[in-house]
Amino acid sequence: MNFALKTLDPARLISEKTDALLVLLTKDFKPGKDALSVLVARVLKAGDLSPKAGQMLDIYRPQGLACARLLLLHVGEGAATEVRKAVSAAFGLLKPSKPKGVTLLFLNQPAAQALRVAVTTLADASYAYTATKTKAEPRSLEKVDVVVPDESALRTDFERAAAAIAGIELAKEWGNRPANYATPTHLAGVAQALAELPKIKCDVLGPKEVAKLGMGAFQAVAQGSDEPLRFIVLRYNGASKSTAPVVLVGKGITFDSGGISIKPAAEMDEMKFDMCGAASVLGVFRALAELQPGINVVGLIPACENLPSGRSVKPGDVVTSMGGQTIEILNTDAEGRLVLCDALTYAERFKPQAVVDIATLTGACVIALGAVRSGMFTANQALSAALVQAGESSQDLCWSMPLDDDYAEGLKTSFADVANVGGRPGGAITAAKFLQRFTDKFPWAHLDIAGTAWKSGAAKGATGRPVGLLVDYLMALDTRGKLA
Ligand code: BES
Ligand code: MN
Ligand code: ZN
């Protein structure tokens, strides 16, 4: 999709040829003398558009305007949540007419956040999955023009939003593909294709290299499947070699059946989404390629399937992680932490300024936070503040969760250094406590995206979260130079 930002010229707007001219109004709208604002003022005065977010007036072939359709859209006070609600309702109305071009017109200068939410919502609402359908309707929308009173003040935010959208869409696409079309090898192919873009490099390790590294925990998860594992290493080099990188680690379980501790059949199909952490890392690299910030970023993706077979790891088996800690695998369905712990140890070699892992890690996190905020776990205050702030600015929200040592009690076992499960209470936190054991060498944060990475039900599909949050987090490092 093609995005463009322009400065408002009321005279030119009348002749703007577009399938739909979407006019976003806030409560503090003050009409000018141009024909469009005169019309809007009349509509408001007549009470034909109530000043509430999501209220619309749809006008077909408006006289004196070149657009095919004019949609007056109220966004209330113009807050991010109001803009999201209104734009998604508006596109719902437009969608059946399959618009190729839409112009978003802000009569008042929007806040940067409102602008970003508007284009991100439009992209989300117009996305169409087609990869495995023979009669798929592709996305109709090709071009989004955004018109504001002063484009110069919003240019940076707009470009960032457009880049983030490209990343979000890559993450959605790979999240949505079924597990037989999104194997570890396929994901490695995506990463290798990203390495064609400027400043990006990629290495892919297979079973032999991973065995040589001693990643016993990762191997244990992969061993039940005939599909070979992949360990993907992406690098974005936008700063000098001496600049410590941020490492992003994405859980890449391309299908999670639970293994021998097999999951119930209902909704097991949704475990194709268990690589959404990995997909978000791929998406971030797509955005970095576009934005070219002066930072270094490493992406690590341990990718494999978790399946039951005669070769599967069994409950009670003890494995040795890359860092040397032994782990008793009491539940083979707690596999995410096993692939991540070896990737975290691998991250040490980059002497990172920070490591952030992203994982659809626990059903418990879905119970705790639902689909609104991702769970964020860190003992580092600066990292916590930076991630919360990035969540706010991108409106890809997260919530800080506790990491008290007492939560690790349940992970104790008589048969290894640590067990991979610690009982049901506080399950998202015990999972984070398990990971924390592998993070002594760097500031670390963990994002549990089990509730936010995809939607269930009729609108089932990947969301592309938390690409928006991660892009804002990394771009803030670019201007600050280094983690506070
Ligand atoms: N991928 C799942 C977590 C998950 C479950 C995400 C449902 C979204 C919806 C993870 O590998 C898992 O199975 N976790 C277990 C951990 C338990 C065995 C300690 C869980 O949450 O049930
Ligand atoms: Mn599992
Ligand atoms: Zn899983």
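This section describes two helices, two pockets and two cavities of a predicted model. Local features are taken at pLDDT of at least 70 and side-chain atom pairs at pLDDT 80 or more, whereas totals for chains, interfaces and linings use all residues. Residues are numbered from 1 along each chain as its sequence is written, chains are lettered from A and ligands numbered from 1 in the order in which they are written, and side-chain values use heavy atoms, with hydrogens and water left out.

Helices (H or I, at least four residues) and strands (E, at least two) are DSSP runs numbered from the N terminus. Helix H3 comprises the 15 residues 80–94, and its end C-alpha atoms lie 21 Å apart, in agreement with the 21 Å that it should span at 1.5 Å a residue, the expected span being 1.5 Å times one less than the number of residues. Its buried residues (under 20% relative accessible area, against over 50% for exposed and in between for partly exposed, with a 1.4 Å probe and protein chains only) are Ala80, Glu82, Val83, Ala86, Val87, Ala90, Phe91 and Leu94. They cover an arc of only 150° around the axis, which puts them on the same side of H3, the arc being that of the directions from the helix axis to the C-beta atoms. An α-helix has 3.6 residues a turn, so residues three or four places apart point the same way. On the other side of H3, Thr81 and Lys85 are exposed. The buried residues of H3 pack against strands E2 (20–25), E3 (56–60) and E4 (69–74) and against helix H4 (112–126), where contact means heavy atoms within 4.5 Å.

Helix H10 (residues 336–347) has 12 residues and reaches 16 Å from its first C-alpha to its last, close to the 16 Å expected. Because 12 of the 12 residues of H10 are buried, this helix is largely enclosed by the rest of the structure; among them are Arg337, Asp342 and Tyr346.

Open and enclosed spaces were sought on a 1 Å grid over the protein atoms alone, a pocket being an open set of points with protein on both sides within 12 Å along at least five of seven lines, a cavity a set where a 1.4 Å probe fits but cannot get out, and lining residues those with an atom within 4 Å of a point. Grid points are joined across faces, edges and corners, and a volume is the space filled by probe spheres set on the points. The largest pocket holds about 1,100 Å³, and of its 35 lining residues the closest to the centre are Lys263, Asp333, Thr362, Gly363 and Ala364. The largest share of this lining, four residues, comes from H11.

The second largest pocket has a volume of about 740 Å³, and of its 31 lining residues Arg84, Thr120, Asp124, Gln395 and Arg465 are the closest to its centre. Helix H4 gives the largest share of this lining, seven residues, and H3 is one of the elements that supply at least two.

The whole structure contains two cavities of 30 Å³ or more. The largest, of about 60 Å³, is lined by Lys6, Thr7, Leu8, Asp9, Arg12, Leu13, Glu16 and Val147. The second largest cavity, of about 30 Å³, has among its lining residues Val221, Asn306, Glu335 and Leu338, of which Leu338 is also a buried residue of H10.
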